[in-house]
Amino acid sequence: QAKMEKEELSAAAIAAFKYNLGVLASGANVMLPETLLDPVDTLQDFEKLNVKPNSSLLKSTVILKLNGGLGTGMGLDKAKSLLTVTEGNSFLDLIAKQVGSMNKQFKT
């Protein structure tokens, strides 16, 4: 904790780390088996939704990107999201640029 405080991490970040370390150290099984998941029966077509865009909602929106595993099964020694995919950009670069573009477009 002292090291994190020295690095001026927020109290929330320190608390989250301590909580997750406690869960890990407890040996608790935190994995959700696939057998407990139910498939989605149907989804509405996006084009058929009757929703009016409201860019002010973006100020309270969280973007969560799930990019898969580390790539060790592919023989990689780093996260796949760090691979260069186009014009010198990694997946992480492209994600950051997407968010930056959205922020600029919608002034968020």
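**Figure 1. The whole chain, by its overall dimensions.** The radius of gyration here is taken over C-alpha atoms, and the globule rule it is held against is 2.2 Å times the number of residues to the power 0.38. For a compact globule of 108 residues that rule lands near 13 Å, but the chain in this predicted model comes in at 20 Å. Put a box around the C-alpha atoms along the principal axes and you get roughly 50 × 40 × 35 Å. Just 6% of the 108 residues count as buried. The chain exposes about 10000 Å², with carbon and sulfur atoms supplying 58% of that.

**Figure 2. Helices, strands, contacts and charges.** Which pattern does the chain follow along the sequence? Read that way, it goes α-α-β-β-α, which fits the tally of 3 helices and 2 strands. Take the contacts between residues at least 6 apart in sequence: 29% of them join residues at least 24 apart. On the charge side, there are 12 positive and 11 negative side chains. The centres of those two sets sit 9 Å from each other.

**Figure 3. The loop between α1 and α2, at Glu8 and Ser10.** Helix α1 covers residues 2–6, and Glu8 lies in the loop that links α1 to α2. Glu8 has a positive phi, near 60°, and is not a glycine. For background, most residues other than glycine have a negative phi. Is Glu8 buried or exposed? Its relative accessible area is 72%, so Glu8 is exposed. Ser10 belongs to this loop between α1 and α2 too. With 41% relative accessibility, Ser10 counts as partly exposed, because partly exposed runs between the 20% and 50% cut-offs. Looking further afield, Ser10 and Thr42 are 32 residues apart in sequence, and their C-alpha atoms are 42 Å apart in space.

**Figure 4. Helix α2 and the glycine just after it.** Helix α2 takes in residues 11–26, which makes 16 residues. What span should it have at 1.5 Å a residue? The expected value is 22 Å, because the rule multiplies 1.5 Å by one less than the number of residues. The C-alpha atoms at the two ends of α2 are 22 Å apart, so the model agrees with that estimate. Just after α2 comes Gly27, whose phi is positive at about 80°.

**Figure 5. Two stops in the loop between α2 and β1.** Pro33 is found in this loop, which leads from α2 to β1 (84–86). At 38% relative accessibility, Pro33 counts as partly exposed. Pro33 and Leu82 are 49 residues apart along the chain, and 28 Å separates their C-alpha atoms. Gly75 is also placed in the loop between α2 and β1. Its relative accessibility is 65%, so Gly75 counts as exposed. From Gly75 to Phe91 is 16 residues in sequence and 18 Å in space, C-alpha to C-alpha.

**Figure 6. Glu87, between the two strands.** Where does Glu87 lie? Look in the loop between β1 and β2, the latter being residues 89–90. Phi of Glu87 is near 50°, a positive value in a residue other than glycine. Glu87 counts as exposed, at 77% relative accessibility, since the exposed class starts over 50%.

Conventions
Residues numbered from 1 in each chain as written. Predicted model: local features only at pLDDT ≥ 70, side-chain atom pairs only at ≥ 80, totals over all residues. Heavy atoms only, no water. Helix = DSSP H or I, 4+ residues; strand = E, 2+ residues; numbered from the N terminus. Buried < 20%, exposed > 50% of the residue type's maximum accessible area, 1.4 Å probe, protein only. Contact = heavy atoms within 4.5 Å. Areas by Shrake-Rupley, 256 points an atom, 1.4 Å probe, with all protein chains shown as cover. Lys, Arg positive; Asp, Glu negative; His and termini not counted. Charge placed at Lys NZ, Arg CZ, Asp CG, Glu CD.
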